[in-house]
Amino acid sequence: MYVPTHFVETRPVELHRILREHPLGMLVTHSARGLDADHLPFEFDPHAGAHGTLLAHIARANPLYTEFAAGAEVMVVFRGVDGYISPNWYPSKQETHRQVPTWNYEVVHAHGQLRIVDEEKFIRGVVARLTRHHEATEARPWKMGDAPKDYMDHMVSQVVGIEIAISRLQGKRKLSQNREMRDIQGAVSELERRHQQGLAATMSSAMAGRDE
């Protein structure tokens with residue numbers, strides 16, 4: 001990934017935040033069939049391994065189950081907030097007209113080694129933790145025990161677990177850090193007016209960090 005100096009993100013707290021807040025990762029693999037990508041919700045454990053571990057589950061019918069030996073090199077892409085930025089939102093554009101459109105975004109590439117885990121205890125643990133995390137805001141959180149045992153046993157038998165030991169995290173946060181402060185503020189104000197609060201808040205946070 002091409003990352004100009006302005007947009008490099010190496011702070012673990014920010015990299016981990018993106019993984020936690022945007023858990024649907026794109027798992028990129030390469031086999032005899034060529035490049036492929038699977039879109040999976042991941043659980044991130046920052047304490048397992050030198051750089052953390054990613055956990056998920058896939059359908060037993062997925063070719064990932066049979067095509068990759070333990071230790072295969074893979075990459076998982078996590079995308080954070082993103083959005084279009086018009087040059088019309090920059091005060092400097094009104095003076096010089098030397099501005100062009102762009103797209104702001106956050107992204108983390110997690111490189112690591114893939115391991116398929118076909119163990120019922122592991123699979124149930126991954127499913128249970130993912131469920132607890134994403135059901136936490138529900139008034140009556142669903143749990144695996146809500147489903148009939150025979151049905152749940154069958155569903156678990158249809159999937160296998162995957163574990164990715166992260167060897168490297170590469171982060172990019174393109175949030176107009178290379179613009180004048182007044183232009184960043186102009187873009188943030190317009191995003192807020194358009195109810196794109198997520199990107200506006202993230203840009204404001206990056207701008208505040210530049211002030212420190």
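Contact here means heavy atoms within 4.5 Å. The model is predicted, so local features need pLDDT of at least 70 and side-chain atom pairs count only at pLDDT 80 or more, while totals for chains, interfaces and linings use all residues. Numbering runs from 1 along each chain as its sequence is written, and side-chain values use heavy atoms, without hydrogens or water.

**View 1. The whole chain.**
The chain holds 7 helices and 8 strands (DSSP runs numbered from the N terminus: H or I of at least four residues, E of at least two). Along the principal axes, its C-alpha atoms fill a box of roughly 70 × 45 × 30 Å. Of the 212 residues, 45% count as buried (under 20% relative accessible area with a 1.4 Å probe and protein chains only; exposed is over 50%, partly exposed in between). Among contacts between residues at least 6 apart in sequence, 76% join residues at least 24 apart.

**View 2. The largest nonpolar core.**
This core has 23 residues (buried Ala, Val, Leu, Ile, Met, Phe, Trp, Tyr and Cys joined through side-chain atoms within 4.5 Å). The residues with the most contacts inside the core are L27, F42, L54, V76, F78, I162 and I164. At least two core residues come from each of α1 (12–21), β5 (53–59), β6 (72–85), β7 (102–117) and β8 (159–174). Another core lies apart from this one. That second core has 14 residues, among them I85, W89, Y90 and L175.

**View 3. F42 and its neighbours.**
Residues up to four places away in sequence are not counted here. F42 touches P23, G25 and L27. The residues touched by F42 also include L54, L55 and A56. V76, F78 and L130 are further contacts of F42, along with I162 and I164. F42 is also one of the residues with the most contacts inside the largest core.

**View 4. α1 and the strands around it.**
E14, L15, H16, R17, I18 and L19 are buried in α1. The buried residues of this helix pack against β1 (8–9), β4, β5, β6, β7 and β8. α1 also supplies at least two residues of the largest core.

**View 5. Three strand pairs that share β8.**
β7 and β8 run antiparallel and pair over 13 bridges (two strands pair if DSSP finds at least two bridges between them). H111 has R168 in β8 as its bridge partner. β5 also runs antiparallel to β8, with 7 bridges joining the two. Here L54 stands opposite I164, and both residues appear in the list of those with the most contacts inside the largest core. β1 pairs with β8 over 2 bridges, again in the antiparallel sense. The bridge partner of E9 is G171 in β8.

**View 6. The second largest pocket.**
L19, R20, P23, F42 and E43 are among the residues that line this pocket. The lining also includes F44, R129, L130, H133 and H134. α1, β4 (43–45) and α4 (120–135) each give two or more residues to this lining. α4 gives the most, with 4 residues. F42 thus appears in the lining and in the largest core. On a 1 Å grid over the protein atoms alone, a pocket is an open set of points with protein on both sides within 12 Å along at least five of seven lines; a cavity is a set where a 1.4 Å probe fits but cannot get out, and lining residues have an atom within 4 Å of a point.

**View 7. The largest cavity.**
T29, H30, S31, R33, G34, D36 and D38 are among the residues that line this cavity. The lining also includes N62, P63, L64, E67 and F68. Two or more lining residues come from each of β2 (24–31), β3 (34–41) and α2 (64–67).

**View 8. Two residues with positive phi.**
Most residues other than glycine have a negative phi. S176 is not a glycine, yet its phi is positive, at about 70 degrees. S176 lies in the loop between β8 and α6 (181–193). S176 is buried, with a relative accessible area of 3%. H195 is not a glycine either, and its phi is positive at about 65 degrees. H195 sits in the loop between α6 and α7 (197–211). H195 is exposed, with a relative accessible area of 67%.
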